[in-house]
Amino acid sequence: MIHCREARIGDGEGISQLSHQLGYTSTTEEIIERLNRLSSMTDHYVCVAEIDSLVVGWGHVQGRLSIESVPFAEIGGLVVDEHHRGAGIGKKIMSECERWARMNGFNKIRVRSSGKREAAHRFYIAIGYNEKKWQKVFDKSL
């Protein structure tokens, strides 16, 4: 059975390992530090999905406030263990993130996905999301 709950500091290692599957190489210590910071922010929510107490997925949703548009919730990250994909875990995590968004007064939720993650695009469409636009992302180290 899949169980979703709010992430705890003790989930740092599992979240780190799952993040590696997406190509994000954060250490357990870095994840724990971020979880500590996020846990005090009321406009962020991180949840994990467990099967038999094993973390098999995580999701991060946050409130977004910008000058040009109405506030909305945005998925900051979603990953399901590669050995557990296709079992409904991602859908359950997204439902939990959507629940958080509704409870916090958001009428819209957004998710961004790399252009090369075609399986993720099919997943989001299958659970009711509509493609809005394509964009490029630019970073600059400071």
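Strands here are DSSP runs of at least two residues, numbered from the N terminus. With that in hand, the hairpin of S2 and S3 is a handy place to start in this predicted model. Two residues sit between its strands, and Asp52 takes a positive phi near 50 degrees. On either side of that turn, S2 covers residues 44–51, while S3 takes in residues 54–66. The two strands run antiparallel and are joined by eight bridges.

S2 has another partner as well. Strand S1, residues 2–6, pairs with S2 over five bridges, again in the antiparallel sense. Within this pairing, Ile2 is found opposite Ile51 of S2. As for burial, seven of the eight residues of S2 are buried, so the strand is largely enclosed by the rest of the structure.

Glu50 is a residue of S2 that deserves a closer look. Is Glu50 buried or exposed? Its relative accessible area comes to 11%, and because the cut-off for burial is under 20%, Glu50 counts as buried. Across the hairpin, Glu50 stands opposite Val55 in S3, and Val55 also turns up among the residues that Glu50 touches. Leaving aside residues up to four places away in sequence, the other contacts of Glu50 are Met1, Ile2, His3, Arg5, Arg8 and Val56. With Arg5, the link involves a polar contact of 2.9 Å between the two side chains.

Technical notes
Residues numbered from 1 in each chain as written. Predicted model: local features only at pLDDT ≥ 70, side-chain atom pairs only at ≥ 80, totals over all residues. Heavy atoms only, no water. Helix = DSSP H or I, 4+ residues; strand = E, 2+ residues; numbered from the N terminus. Buried < 20%, exposed > 50% of the residue type's maximum accessible area, 1.4 Å probe, protein only. Polar contact = N/O pair within 3.5 Å; in protein donor to acceptor, adjacent residues only side chain to side chain. Contact = heavy atoms within 4.5 Å. Pairing = 2+ DSSP bridges.
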